[in-house]
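Good morning, colleagues, and thank you for coming. I shall take you through one structure today, beginning with a sheet and then turning to the interior and the aromatic residues. Please look at the display before I start.

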Amino acid sequence: MASRSAMMDDGYPSSSATPAAFDSQHEWEGHRRATMEDDRDELDLVGEDHGHNSPDNDNDMMLDDDPLRDDLNQPMSFKRRQKQQSVFSQPSRLFSAFTGGPSPRNSHDAPGRPSITSNTRLEGPQSGSKEGGPMDWYVEGPGRRVGYEDLTAIDWIFEYTKERSRLRMLFSGSNSLVGWIRLLLDNSQVWIVLLLTGLAAGLLAAAIDVATDWLADLKFGFCSTVDGGAFHLSKSSCCLGYEDHAQCQGWYPWAKAFGISSGGGKWFIEYFFYVLLALSFAVSAAILVKEYAIYAKHSGIPEIKTVLGGFVIRRFLGIQTLVTKSLGLVLAVASGMWLGKEGPLVHVACCCANVFIKLFPSINNNEARKREILSAAAASGISVAFGSPIGGVLFSLEQLSYYFPDKTMWQSFVCAMTAAVTLQALDPFRSGKLVLYQVKYSSGWHGFELVPFVLLGILGGVYGGLFIKANMRVAQWKKSTRWLPGPVTQVAMVACLTALINYPNHYMRAQTSELVSNLFTECAKIVDDQFGLCKTGAASFGTIILLIFAAVLGFFFAAVTFGLQIPAGIILPSMAIGALTGRALGILMELFQRAAPNFPLFLHQCEPDIPCITPGTYAIIGAAAFLTGVTRMTVSIVVITFELTGALTYVLPIMISVMISKWVGDAFSRRGIYESWIHFNSYPYLDPNNSGEDLSPLIPDVPASQIMTRLDSDLIVLTATGHTIASLQKILETTPYRGYPVISNPRDAVLLGYISRAELSYVLYSPGGRASNLPPETECFFSHQPLADPLTTLDLRPWMDQTPLTLPGRSPLHLAVSYFQKLGVRYVLFAERGVLQGLLTRKDVWHVMNGAEERVRDAVGAGGIGSGRMGSGLGREEGRGESAGLLGVERTDYFQGHGGTREGRSGSFAGSSEGSIL
């Protein structure tokens, strides 16, 4: 080193000289290489052996591989490198721009050096470890997952994390033309699905309308070939062009077809065919549902809410369900029973979306993205049901969707608009209307009419509260009564009774959509008054009595019908009952005004020679109020009603009646009809709207530790080591749990992660997996084992969630419930300084929020738990777990780990599993 310093002092440039000290760039490069050689010579002085295999050569190789040796003349920077502006800047990059291959600008990378990328697959481990981390970094994280089982909850966080990883990989290759086209195609997949769904929903809605109209008219007669008719035409199509259908020559009632001319004979034969065909249609619908798709029953909206909330129901949105629901809906509506097609059309639209989603694996393989599209598809169902695209978007937002970001609103609007345009283009009613009961009002309303409008709001809330209670009582009675006949026989009995009572009352005899259309219409626009709604004088009292009588009978029939094993909605029957009540009240007001025109309220507001009261407006306000009372929706119903009438002047009275109906209905119960059925079927749906002040009455103000399944009493866990394939298979066979927390050992109980039953079963039982090629005594472990032979052991870390969501045990229960509601998690683990304390599942929270009875348990033992603590496993009786009631399996006493039972941690072990049916 002394000689080297002398050289520097003798005038030779030092290694720290700058390029400016040299005459040319060539001299500077030569100096730089010489300096590097001198540095290596100095390092060689340390060694004693300068042979080819000496450690000094290893040092040289180590320095050569050092990334900091490259471009030392440039300052280090952690900023992202700028992309090249054009693919034509270098001819050699032109081909790589089209293929997405490597560019010469990255040639400075060493050939054997792995490059760090941001594309990390979350589904499974990588082929090697990631640079900059420990050797087993690749197994840390949410772990690999298998497909969700039927009746299980999805992991929203994992699904969105997986989607972000996919998008990062997609965007990383978008700097080429091929990558840009791939990105464009990926972004267009969602819009293709939405457009196809809108088209399919419009086509199916038009077909259902036409088929229903024809079958419903077939109960009264048929269209002959006279006057250019055909058998497959409905009465309105057969008599097209006739203002009075009584003059239509092509339509043959059944009495005329059989040549019966007497009054009694005509009435009897038409009554007979009406009951016979109504019964045949209803029974056919019930048989279709029972034999081909059981999920096609009811309206489907409670199940759709549950699915959009993160629950998996297999075959609920399949093609077979779609076909069965469409055909069954035609038959059920044509039977004349008190049900509607509006709710089931939402189910039909979601089935269409699910069919088209299967065309695109990137959407079909992500349950979270799939639910965003289903939310948009639901809007198209309401759009074609009411001819209300904006109302459909608001219906999906207010009633159905669990997660509704801004992009979903735009997607819902596009899908709903496409469906409405398709239905408008097909024009199934040949009237230019999207729905049969779409009307327009030319007159306004007066201030004194706010009193009857408020009254209609009160009646709507009372109707909603009573209807939900009556419908739930009927459903509970059918569930608890063993001697009742089968579902098809029940449908036959209700259909026969409905047809026998409907026919004598001409308001109940007509199809519900036709009845609502006539009730909404102004008398000035009615050409053929088939229902006698425009009678004047004393004759109007008979009309009022028939209207009220039809509304009362409709209430009872709808309460019994909604819940039978046929496709059935409740929206249109509620609107019909409200319209009947509103029309009766409107006629009363009209009679009062005509009888006392000089009454102070009428004297200054009613103009002479102009009708002051329009009973049709009362009908539509009553329909909105009664629909609000039964569904507890507000904004969407106001918008739907506005789009049906097109009368901006009636928005204010509609809003007032809807608001009052909502208040009165909430006084009976905060649950609407769909939420009541969700609760009745025990679907694990956590309403995200029940938060803050709404959540306070439902959730006790206690720490989560008093509700969770505690480690020191009931919780079954797995330890990191001490397992074999046979022992883990025995655990799966003897316990019904949906998942198991993993701890280090029974003594320390340090939380390592959580493994789901589905993943553990897949690893141990999959025919093509590693476990199938290993003997049963093969050792399995959940933590890093550096001395384990990977060929003779089974590492389960890739299948374990090593980053589960955790909270301290002293956290408020309100906070834990908010995690389940807002994040959609399936389970939350509680730990204190890394030590596992307990587990809370989605089903536990469901029990709490739905008013399950809390069991107080005295537990004195390890941990100093005194009497009076709220027992884990809320809502469970006699020490049985959730699955004892939902899965029919009673939990057993079992503590897994190291082949023993830790003292103080044994017990009934009836604590919560991961979701029970989740």
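Let us begin with an open sheet of four strands, which follow one another in the order β5-β14-β13-β12 with mixed pairing. At its edges lie β5, residues 709–710, and β12, residues 806–807, each of which pairs on one side only. I should say at once that this is a predicted model, and everything that follows should be heard with that in mind.

How is β12 joined to β13? Two bridges connect β12 with strand β13, residues 827–832, and these two strands run parallel. Within this pairing, Thr806 stands opposite Leu829 in β13, while Leu807 stands opposite Phe830 in β13. Two helices pack on the sheet. Helix α30, residues 813–823, touches β12, β13 and β14, the last of these covering 835–841. The direction of α30 makes about 60° with that of β14. Helix α31, residues 842–849, also packs on the sheet, where α31 touches β5 and β14. Its direction makes about 55° with that of β14. As for exposure, β13 is mostly covered, since five of its six residues are buried. In helix α31's stretch of the sequence we also meet a charge over a ring: the charged end of Lys843 sits over the ring of Trp846, at 4.1 Å from its centre.

Let me now step back to the whole protein. Its secondary structure comes to 32 helices and 14 strands. Of the 918 residues in the protein, 52% are buried. If we take the contacts between residues at least 6 apart in sequence, 73% of them join residues at least 24 apart.

I turn next to the interior. In soluble globular proteins, nonpolar side chains tend to be buried together. Here, the largest nonpolar core has 146 residues, and those touching the most other members are Phe386, Tyr437, Phe467, Phe520, Ile566, Met575 and Ile673. Which helix gives the most to this core? That is α22, residues 571–595, with 12 residues. A second, separate core holds 23 residues, among them Leu718, Leu728, Val763 and Leu774.

Two residues show what this interior looks like at close range. Setting aside residues up to four places away in sequence, Met575 touches Phe386, Tyr437, Phe520, Ala623, Leu627 and Leu644. The other is Leu572, which is placed in helix α22. Is Leu572 buried or exposed? Its relative accessibility is 4%, so Leu572 counts as buried. Apart from neighbours within four places in sequence, Leu572 is in contact with Gly340, Glu342, Tyr437, Thr512, Ser513 and Val516. Leu572 and Trp338 are 234 residues apart in sequence, and their C-alpha atoms are 8.6 Å apart in space.

My last topic is the aromatic residues. The structure holds 37 aromatic pairs. In one of them, Phe220 and Tyr274 have ring centres 5.5 Å apart and planes at 50°, so this pair is tilted. Phe220 lies in the loop between α6 (177–218) and β2 (221–223), and Tyr274 lies in helix α9, residues 263–292; the pair therefore ties together parts that are 54 residues apart in sequence. Phe220 has a relative accessible area of 27% and is partly exposed, whereas Tyr274, at 0% relative accessibility, counts as buried.

Phe222 and Trp254 form another such pair, with ring centres 5.5 Å apart and planes at 55°, so they too are tilted. Because Phe222 lies in strand β2 and Trp254 in helix α8, residues 254–257, this pair ties together parts that are 32 residues apart in sequence. Phe222 is buried, at a relative accessible area of 18%, and Trp254 counts as buried at 13% relative accessibility. Phe222 and Trp254 also belong to one aromatic cluster, which includes Trp214, Phe231, Tyr252, Phe258, Phe272 and Phe273.

Finally, a charge meets a ring elsewhere in the chain: Arg145 lies over the face of Phe158, at 4.3 Å from the ring centre. I thank you for your attention.

Note on methods. Residues are numbered from 1 along each chain as its sequence is written. This is a predicted model: local features need pLDDT of at least 70, side-chain atom pairs count only at pLDDT 80 or more; totals for chains, interfaces and linings use all residues. Side-chain values use heavy atoms; hydrogens and water are left out. A nonpolar core is a set of buried Ala, Val, Leu, Ile, Met, Phe, Trp, Tyr and Cys residues joined through side-chain atoms within 4.5 Å. Buried means under 20% relative accessible area, exposed over 50%, partly exposed in between (1.4 Å probe, protein chains only). Contact means heavy atoms within 4.5 Å. Two strands pair if DSSP finds at least two bridges between them. Axes are lines fitted to C-alpha atoms, for helices over the stretch in contact, and angles run from 0 to 180 degrees between N-to-C directions. Rings of Phe, Tyr and Trp (its six-membered ring) pair if their centres lie within 6.5 Å; planes under 30 degrees apart count as stacked, over 60 as edge-to-face and the rest as tilted. A charge sits over a ring if NZ of Lys or CZ of Arg is within 6 Å of the ring centre and within 35 degrees of the ring normal.
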